[in-house]
Every structure is written in structure tokens, then in C-alpha cells.
Amino acid sequence: MKIQERTGAGAGRSAVPAGPSVGDRLPTPPRERKPALAALAVLLILVGALGATMLVLQAGDRIEVVKITQEIPAGQGVTDSNTTSVMVAEDPGINYVKWSQLDALKKLKAVTTIPGGVVAVGEMFGEEANVPEGKSLVGLSLKEGQYPAGLKSGATVAAYRVGGTARSDSGDGGETGGSGGSTGGGDAVIVEKAVVDYVKETKGDDLVSSTNLPVTLLVDDAQAAALTQAASNGEVALVLVTGN
């Protein structure tokens, strides 16, 4: 009797096994691991972090130094108008002149002509100009017509005495052709070959004729006195010669 009752109780149930419930998920296959890609990602992260660290360190090592904005001839010094400050990466191997040292730098002179646009270093300056043995630097102030157009530093020129005819009125006609300042004959040449150590550069529509042009010549010691005397009287004219 008990067996029959159990059979009857299960007679209404289906023999098909029950399917999964709606909330259950189907099993997924295990993901394939790629250790190479993971290592590459870690490496990129480390490289990025290192690069950012280097930029921060470099920014922290920058210093403010003096930059020359205009050409400075040998024997002259820096001023507020021909210098400015720039930031550079600190380098123990370079003797930069710090911006805080500008006042002390003004007391020194350029040992050689310093071009504009360069960062100042200590070796550019000293107590006096670095003039070669047996040479002298002579400064001139020339009017328009007393120098060739486009005159540049490093050019080779000849210096002539001009406008000195007033000496012929001294009453002694025999001195007219002498070496005392006549404009005639070969004595008119003061210096056959001189090197332009410095000349003020003109830009654009600068009216050079309104002011004199400062020029510094490197000449032999023996020629310096005559050239200086003629320059003080405004009696010097420059001509470009062979050698440029």
C-alpha cells in the first residue's frame, strides 16, 4: 500500500529534468592571461613617472643668469641697457654670471668683443681688455661719409687723414706736403691696414647721419698716437681694403 501511494503522488510530475532558474548564469570559460602585456603596461607607467620626475628636477636646477643683448666692444662694460636675465639649466662646468652678480660685473671690462645674444660667462670679463702684444685699441667717432656702408666688426680697413688743410695756412708752404696732417700725397694714409674691433650696428631705418658712428680699430702701437690725434680732430676716414 505504501508503495502505491508514493507512486501515485509522483504521477503528476514531469520526467524532464528541471532547467536552470532565470537568475543563474551560464559558466564562462577562464580568461587567457597575457603576462607580456601586463609587464609592458607596468614598464610604461614607470617610464612616465621617471620622465615627470626628471622634468621636476631639471626645473628645480635652473638658475637666473646674465645675457648680453647688444655687442660689447673690448674694454667696455655691461650696463642695464645691454643686458637682460634668462633662465638656464645649472651646469657646474660652465662659469655662468648670475643675475644677482650684475652690479659686480659692471665694474669689469670685456677682454674681447662680446657679440649680442650670448649668455655671459666669467671668462669674458676682466680688469682690462685683452689687447695683443704690440697692438692698441683706438676709438673713433665718425660722421656719415667717413666710413663705408655696411662696415662690420672684423673688417680690414685703411685710415686716411681728411679735412686737415687748415695746416697749410700756417705761413710755411714747405709743410703743406709733410706728415703733420696734409691731405695730399702718401702722407694722407695714417694706417694702411687696421682691423675693426667694434662698430655699432645699425638696424632698419636708423638715421646714422644724425649721430656719429662709434668705431674701435685695432692698430700697431706705433700708429696709435697719430690715429688718436687725427680722430680727436675728426679728421679720420675709413676705407675697406684687400683682406676682407
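Okay, one bit of vocabulary before anything else: two strands count as paired if DSSP finds at least two bridges between them. With that in hand, look at R161, which stands opposite V236 in strand 9. That spot is part of a longer contact, since strand 6 and strand 9 run antiparallel and are joined by 5 bridges. And to be clear from the start, this is a predicted model.

Let me zoom out for a second. The protein has 4 helices and 9 strands. Reading from the N terminus, the elements go α-α-β-β-α-β-β-β-β-β-β-α-β. There are 244 residues, of which 25% count as buried. If you take contacts with a separation of 6 or more, 68% of them are between residues 24 or more positions apart.

Now the sheet. Which order do the strands take? It's 5-8-7-6-9, an open sheet of 5 strands with antiparallel pairing. Strand 5 and strand 9 are the edges, each pairing on one side only. From one strand to the next, the twist averages 40°.

Next, the packing. The largest nonpolar core has 22 residues, and the ones touching the most other members are L140, L151, V215, L217, L227, V236 and L238. Who supplies it? At least two residues each come from strand 5 (135–142), strand 6 (156–161), strand 7, strand 8 (213–220), helix 4 (221–232) and strand 9 (236–240). Strand 7 gives the largest share, 5 residues.

V236 turns up again here, so let's stay with it. Setting aside residues up to four places away in sequence, V236 touches L140, L142, Q146, A159, Y160, V162, I190, L227, A230 and A231. There's also another core, lying apart from that one, with 11 residues including I68, I72, A110 and F125.

Okay, the residue I'd like you to click on is D197. Its place is in strand 7, residues 189–199. Which side chain of opposite charge is nearest to D197, and how far away is it? The nearest one is K135, 11 Å away. So D197 is buried yet has no salt bridge, given that a salt bridge needs the nitrogen within 4 Å of a carboxyl oxygen. What does D197 contact, then, beyond its neighbours within four places in sequence? The list is A74, T113, L137, S153, T216 and L217. L217 you've already met, as one of the core residues that touch the most other members.

And what is K135 doing instead? Its side chain meets that of D220 in a salt bridge, 2.6 Å from N to O. K135 lies in strand 5 and D220 in strand 8, so this pair ties together parts that are 85 residues apart in sequence. On accessibility, K135 is partly exposed at 33%, and D220 is partly exposed too, at 32%.

That brings us to the other charges. How many salt bridges does the count come to? The count is 4. Two of them involve K106. One goes to D80, with the closest N and O atoms 2.7 Å apart. That one links distant parts of the chain: K106 sits in the loop between helix 3 (102–105) and strand 3 (109–110), while D80 sits in the loop between strand 1 (62–68) and strand 2 (83–89), 26 residues apart. The other goes to D103, where the closest N and O atoms are 4.0 Å apart.

Are these residues buried or exposed? K106 is partly exposed at 32% relative accessibility. D80 is exposed, with a relative accessible area of 57%, and D103 counts as exposed at 57%. Through shared partners, D80, D103 and K106 are joined into one network.

Last stop, V131. You'll find it in the loop between strand 4 (125–126) and strand 5. V131 has a relative accessible area of 30%, so it goes down as partly exposed. Leaving out residues up to four places away in sequence, V131 touches S136, L137 and L218. L137 was also on the contact list for D197. And so was A74, which is 57 residues from V131 in sequence and 8.3 Å from it in space, C-alpha to C-alpha.

That's the tour. If you only open one residue afterwards, try D197, buried and with no salt bridge.

Conventions: Residues numbered from 1 in each chain as written. Predicted model: local features only at pLDDT ≥ 70, side-chain atom pairs only at ≥ 80, totals over all residues. Heavy atoms only, no water. Buried < 20%, exposed > 50% of the residue type's maximum accessible area, 1.4 Å probe, protein only. Lys, Arg positive; Asp, Glu negative; His and termini not counted. Contact = heavy atoms within 4.5 Å. Core = buried A, V, L, I, M, F, W, Y, C linked by side-chain atoms within 4.5 Å. Axes fitted to C-alpha atoms, helices over the stretch in contact; angles between N-to-C directions.
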